[in-house]
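Please load the model below in your viewer and keep the selection tool at hand. The tour goes from one chain to the other, with a stop where they meet.

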Amino acid sequence: MTATGTFIPAPGAASLPRMIGAQTALETRMLLRNGEQLLLTVVIPTLLLVLFSAVDIVDTGAGKAVDFLTPGVLALAVMSTAFTGQAIATGFERRYGVLKRLGASPLPRWALMTAKTGSVLVTEVLQIALLTVIAFALGWSPSGNPLAVLLLLALGTAAFSGLGLLMAGTLRAEATLAAANLVFLLLLVGGGVIVPLDRFPDTARSVLELLPISALSDGLRDVLRHGAGMPWGDLGILAVWAVLGLGAAARWFRWE
Amino acid sequence: MRMDPAVEMTGLVKRYGAKTAVDGLDLSVARGTVTAVLGPNGAGKTTTVETCEGYRRPDGGRVRVLGLDPVREAAALRPRIGVMLQSGGVYAGARAEEMLRHTAKLHADPVDPALLIERLGLESCGRTPYRRLSGGQQQRLALAMAVVGRPELVFLDEPTAGLDPQARRTTWELIRELRADGVTVVLTTHFMDEAEQLADDVAIIDKGRVIASGTPEELCRGGAENTLRFSGRPGLDLASLLKALPADSAAVELTPGSYRIEGKVDPQMLATVTSWCAQHGVMPDRLAVERRTLEDVFLELTGKELRS
């Protein structure tokens with residue numbers, strides 16, 4: 001074989017912004033191409049919003065059902081992407097050696113995690129845009145401080161990402177798939193998304209209120225429905241979950 | 001270019017729980033060469049290579065890759081090496097071209113992905129997601145991903161396992177081209193012919209140790225001498241042939257009419273045998289000089305079949 005010059009060594013990493021940008025774009029494409037992920041992140045929240053707004057199945061208390069439901073469904077959308085979707089996708093990436101192979105590429109691990117977060121945020125923006133349009137069509141009339149909403153969404157994303165990555169990095173991929181879906185279902189019912197927490201007995205309620213999904217849906221509802229100021233209690237709960245979840249994931253995440 | 005070795009490994013030990021996967025392994029890979037790490041399944045090939053790639057932290061010994069510690073100096077090393085894992089490494093839903101283009105984007109001065117797609121016959125993958133590609137297509141994509149960043153050194157873990165003969169040949173050609181362009185290649189294989197075809201140096205490992213190393217020629221030369229075989233009529237008087245040959249030669253009739261002569265096979269020996277045949281009116285049918293293959297070397301060293 002004569003030398004063609006094609007492979008003359010010229011090694012080197014691309015710039016960090018370029019690598020993170022490319023990785024974010026790829027992760028987002030993978031997510032949006034996956035049918036099961038779309039079911040979880042788009043179809044289920046949309047159906048719940050439309051169905052429960054139109055049909056009086058659950059007693060959502062005084063006022064329009066859509067004003068109660070929209071904050072809950074937004075919280076659910078965040079959970080579906082940052083927790084369930086990210087846990088399942090990352091679990092299988094670990095199982096199929098994707099994380100391992102990327103570990104040998106010039107992309108640093110922290111940059112991979114940054115890209116994953118970027119892809120979660122892009123997906124959330126798309127979800128929230130879609131759900132907001134639908135909610136307005138259903139007669140939603142939100143109020144409140146947009147900054148408080150952004151802060152809740154950001155801390156909620158951090159809390160759910162930590163828990164999702166902890167699960168993906170410690171359990172087998174199949175176990176993550178089953179557990180992430182189960183948790184999604186349980187928190188959908190018991191996290192104040194479509195069923196108000198005051199429908200539960202007091203003892204159960206005081207525990208359920210500490211869940212990240214309850215804090216996020218309750219905080220969003222306080223702001224968007226009642227025009228409350230900064231929901232510090234809920235933000236505090238989310239911050240604790242974020243620190244615990246991300247800390248545990250950083251400590252125990254296994255790449256192979 | 002500095003001429004210190006691309007890989008320098010001395011006394012590598014790696015244990016997984018109670019099991020010792022690598023047990024005092026020494027390996028040196030010269031720059032610009034192709035080195036084959038040869039051994040049966042479970043010999044420690046993958047552990048050895050993955051230690052070089054920084055995936056495994058050695059329990060003992062010293063490893064330097066391009067002069068760097070693969071674990072502590074991983075950030076400096078990784079942009080300079082190319083890695084092909086034994087399997088996987090690609091998003092289940094990604095398309096071949098998409099994944100290769102992405103890998104190229106992580107490097108400063110990559111090879112044009114379109115060129116690699118064409119060279120490795122990956123056009124046929126089209127828009128099929130990775131999980132539905134054939135094993136051979138997945139292997140070739142992993143190879144393309146290992147070389148697209150123009151590394152100085154590539155590690156290929158069983159690059160031709162499961163390939164059809166044509167794809168295997170394509171892979172061999174690419175490895176030869178890498179070498180011609182000055183890339184150092186370390187590959188693992190359990191195919192003898194692959195090591196003989198491609199490698200400048202071969203390290204045969206078994207039970208976590210190097211049991212023989214050298215060029216393929218060196219390995220095949222040493223030990224038992226070369227062999228000459230021929231067929232003729234049964235019951236030839238081999239004693240008279242042995243008188244004509246050097247003292248340390250041996251001759252046996254393996255089965256009636258099938259003969260094997262062992263000794264230093266050179267033109268003189270061949271002439272002696274054929275003229276003896278002529279004197280005895282024997283037509284030496286299927287006359288063949290048999291070189292020891294790496295397979296023979298391995299069998300002698302370990303007493304077991306390599307392809308298991």
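A residue is called buried here if 20 or more other C-beta atoms lie within 10 Å of its own, with C-beta atoms placed from the backbone. By that criterion, 43% of the 308 residues of chain B count as buried. Please keep in mind throughout that this is a predicted model.

**Chain A**

Select chain A and colour it by secondary structure: the chain has 10 helices and 0 strands, so that, by the DSSP runs used to assign elements, a helix is followed by another helix from the N terminus on. Along its principal axes, the C-alpha trace of chain A spans about 80 × 35 × 30 Å. The radius of gyration of chain A is 20 Å, which agrees with the value near 18 Å that a compact globule of 256 residues would have. Buried residues make up 48% of the 256 residues in this chain, and among its contacts with a separation of 6 or more, 83% are between residues 24 or more positions apart.

Next, select residues 32-256 of chain A, where an unreviewed UniProt entry places the feature "domain: ABC transmembrane type-2". This span is 77% helix and 0% strand, and its end C-alpha atoms lie 25 Å apart. The unreviewed UniProt entry also places the feature "transmembrane region" at residues 38-57, 69-92, 119-141, 147-168, 175-197 and 235-253 of chain A. Two of these are convenient to pick out in turn: residues 69-92 of chain A are 100% helix, with 32 Å between the end C-alpha atoms, while residues 235-253 of chain A are 95% helix, with 26 Å between the end C-alpha atoms.

**Where the chains meet**

Now show both chains and select the residues of each that touch the other. Here 33 residues of chain A are in contact with 37 residues of chain B. On the chain A side, α1, α3 (65-95) and α4 (98-103) each supply at least two residues, and α1(A) gives the largest share of that side, 6 residues.

Which elements do the buried residues of α3(B) pack against? Select helix α3 (residues 96-105) of chain B to find out: the buried residues of α3(B) pack against α1 (16-33) of chain A together with α4 (113-119) and α5 of chain B. Because 8 of its 10 residues are buried, α3(B) is largely enclosed by the rest of the structure. The buried residues to display as sticks are B:Ala96, B:Glu98, B:Met99, B:Leu100, B:His102, B:Thr103, B:Ala104 and B:Lys105.

**Chain B as a whole**

Hide chain A and look at chain B alone, whose secondary structure comes to 11 helices and 13 strands. Its C-alpha atoms fill a box of roughly 75 × 45 × 40 Å, taken along the principal axes. Among contacts in chain B between residues at least 6 apart in sequence, 68% join residues at least 24 apart.

Colour residues 7-221 and 227-291 of chain B separately, since the chain is divided into domain 1 and domain 2 with these bounds. The centres of the two domains of chain B, taken over C-alpha atoms, are separated by 44 Å.

**The open sheet of chain B**

Finally, go to the sheet in chain B, where 6 strands form an open arrangement in the order β5-β6-β7-β3-β8-β9, with mixed pairing. Its edge strands are β5 (81-84) and β9 (209-214) of chain B, each of which pairs on one side only. Direction ignored, neighbouring strands of this sheet are turned by 15 degrees against each other on average.

Begin at the β5(B) edge, where 4 bridges join β5(B) to strand β6 (residues 153-157) of chain B and the two run parallel; to see one of these pairs, select B:Ile81 together with B:Leu153, its bridge partner in β6(B). Helix α5 (residues 135-147) of chain B lies across β5 and β6 of chain B, running at about 170 degrees to β5(B).

Then move to the other edge, where strand β8 (residues 201-206) of chain B and β9(B) pair in the antiparallel sense over 5 bridges, including the one between B:Ile205 and B:Val210. These two strands form a hairpin with 2 residues between them, and B:Lys207 in the turn has a positive phi of about 50 degrees.

Key. Residues numbered from 1 in each chain as written. Chains lettered and ligands numbered in written order. Predicted model: local features only at pLDDT ≥ 70, side-chain atom pairs only at ≥ 80, totals over all residues. Domains from an automatic or database assignment. Pairing = 2+ DSSP bridges. Axes fitted to C-alpha atoms, helices over the stretch in contact; angles between N-to-C directions. Contact = placed C-beta atoms within 7 Å. Rg over C-alpha atoms; globule rule 2.2 N^0.38 Å. Buried ≥ 20, exposed ≤ 12 C-beta atoms within 10 Å, placed from the backbone. UniProt positions renumbered as here; feature names shortened; annotations may be inferred.
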